[in-house]
Amino acid sequence: YLSKQIEFVDKKVKVISFQKSESELSNEVIDLFRSNHDLKSAKHWISAIYAKVKKTQQRLASQLVQKNVLTKEEKSFLWVLKYNRYPTKDAQPENNVRSRIRDIVLRGAEPTEEDIALLSLVQACALIDEVFEKADRKTAKKRISDLCKDNKVGAAVNQIVEEIVAA
């Protein structure tokens, strides 16, 4: 959705549309863009969006439970520390995304900008082992690196995640 509302100009993000959507989260991101009309780097916006999303994770999880996308499971660790898990109610959409990622990385399917952004997150968050079989991981790491190396958003995502992990 947001890819239709922004473009890159000299390694900076330029907002080309402030049109609202049905997604509350997307609208919050658009409001962030609206609050500052200056051209900012992808790194700046990813940091700003991350800070905003981090504050709304619980609210988003509750909304996804209400929409029957996720289920809420109450868990405990050592019978003392209580926490919630939110597994998907229907695994098919997740399986479709995993299959699409494998098609791009292992079988040479043509990626979209959204696919490249997702692959950047897979790489930055060290999820290659989660998505690929052991025999495919070395090939997957190389291919994802090749696909993401020249992508501005992907590079910014990688840098932000590395900074968060290092902190």
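**Salt bridges around helix α3**

E94, R98 and E130 are linked in a network of salt bridges (a side-chain nitrogen of Lys or Arg within 4 Å of a carboxyl oxygen of Asp or Glu). This is a predicted model, where local features need pLDDT of at least 70 and side-chain atom pairs count only at pLDDT 80 or more, while totals for chains, interfaces and linings use all residues. Residues are numbered from 1 along each chain as its sequence is written, and side-chain values use heavy atoms, with hydrogens and water left out.

Student: Which residue of helix α3 forms a salt bridge with E130?

Tutor: E130 sits in helix α5, so its salt bridge ties together parts that are 32 residues apart in sequence. Helices here are DSSP runs (H or I, at least four residues), numbered from the N terminus. The closest N and O atoms are 3.2 Å apart, and the partner is R98.

Student: Is R98 buried or exposed?

Tutor: Let's use the cut-offs: buried means under 20% relative accessible area, exposed over 50%, partly exposed in between (1.4 Å probe, protein chains only). E130 has 51% and counts as exposed. R98 has 17% relative accessibility, so R98 counts as buried.

Student: Where do the buried residues of α3 fall, seen down its axis?

Tutor: They are R98, I101, I104 and V105. Their arc, taken from the directions from the helix axis to the C-beta atoms, is within 125°, so they line one face of the helix.

Student: What is the partner of R100 in its salt bridge?

Tutor: The closest N and O atoms are 2.6 Å apart in this pair. R100 is in helix α3 and its partner, 15 residues apart, is in helix α4. That partner is D115.

Definitions and conventions: Helices (H or I, at least four residues) and strands (E, at least two) are DSSP runs, numbered from the N terminus.
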